[in-house]
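Student: I should like to learn how aromatic residues are read in a structure. May we work through an example together?

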Amino acid sequence: MLLYILYAIGAVVALGLGMAASKPNVFRLERSAIMKAPREQIAANISDFHKWTAWSPWEKIDPNLQRTYSGPERGKGAKYGWVGNKKVGTGAMEILDESPEKITIKLDFLAPWEAHNITEFTMVPQGAATNVMWAMHGPSPFQARVFGLFFNMEKMVGTDFQKGLDSLQQIVEQPAGV
């Protein structure tokens, strides 16, 4: 009887590992929002890491978050590092490129796990509004694919992206002087 239980457990583990192995070795997730603001105003809040404290969903998780800024004040070459509690971890970002349509950021998570991804903010005018898309993509190593069998990263991180876009929208849609 015990032998059958061990075989069943082994089969379930093998099935899970096989499912993880069949998942793509890269990932991409994205969210978008239509904001009633010009893209220049939106980009100014994205390309200046100092302004992220007002809208980034992760900035409010750890009240003792330690931040460092280096490079230019904003735009290409601007860098931001953070050290926080176990919920926000440790990492760094650097703006790799900025154009009127897109801001590309290198995102390095160092703890509690290591990951190296690219984040993009694409801003497409739609009349008097702007469609803002926040995307992240990068490699999905085997252990991340196994983790994905138990936790839906698209839902977890995507929900945070949507919260961030909602906060950014509130900021850029405020009347001037408020």
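Tutor: Let us begin with a group of rings. In this predicted model, one aromatic cluster is formed by Phe-49, Trp-52, Trp-55, Trp-58, Tyr-69, Tyr-80, Trp-82, Phe-109, Trp-113, Phe-121, Trp-134 and Phe-161.

Student: How many aromatic pairs does a search of the whole structure find?

Tutor: The search finds 15 aromatic pairs. A pair of aromatic rings is described by two quantities, the distance of the centres and the angle of the planes. Trp-55 and Phe-121 serve as a case: their centres are 6.0 Å apart and their planes stand at 90°, an edge-to-face arrangement. Because Trp-55 belongs to helix 3 (residues 52–55) and Phe-121 to strand 6 (residues 115–126), this pair ties together parts that are 66 residues apart in sequence.

Student: Are Trp-55 and Phe-121 buried or exposed?

Tutor: Both Trp-55 and Phe-121 are buried. A second edge-to-face pair joins Trp-58 and Trp-134, with 5.9 Å centre to centre and 85° between the planes. Trp-58 sits in the loop between helix 3 and strand 2 (66–70), whereas Trp-134 is in strand 7 (residues 129–139), 76 residues apart.

Student: Why does Trp-58 count as partly exposed, and why does Trp-134 count as buried?

Tutor: Buried means under 20% relative accessible area. Trp-58 has 26% relative accessibility, so it counts as partly exposed; Trp-134 has 2%, so it counts as buried.

Student: Which residues have the most contacts inside the largest nonpolar core?

Tutor: They are Ile-42 and Ile-46, in a core of 30 residues. Helix 5 (residues 153–172) gives the most to this core, with five residues. Beyond its neighbours within four places in sequence, Ile-46 is in contact with residues including Trp-55 and Phe-121.

Note on methods:
Residues numbered from 1 in each chain as written. Predicted model: local features only at pLDDT ≥ 70, side-chain atom pairs only at ≥ 80, totals over all residues. Heavy atoms only, no water. Core = buried A, V, L, I, M, F, W, Y, C linked by side-chain atoms within 4.5 Å. Buried < 20%, exposed > 50% of the residue type's maximum accessible area, 1.4 Å probe, protein only. Helix = DSSP H or I, 4+ residues; strand = E, 2+ residues; numbered from the N terminus. Contact = heavy atoms within 4.5 Å. Phe/Tyr/Trp six-rings, centres within 6.5 Å; stacked < 30°, edge-to-face > 60°.
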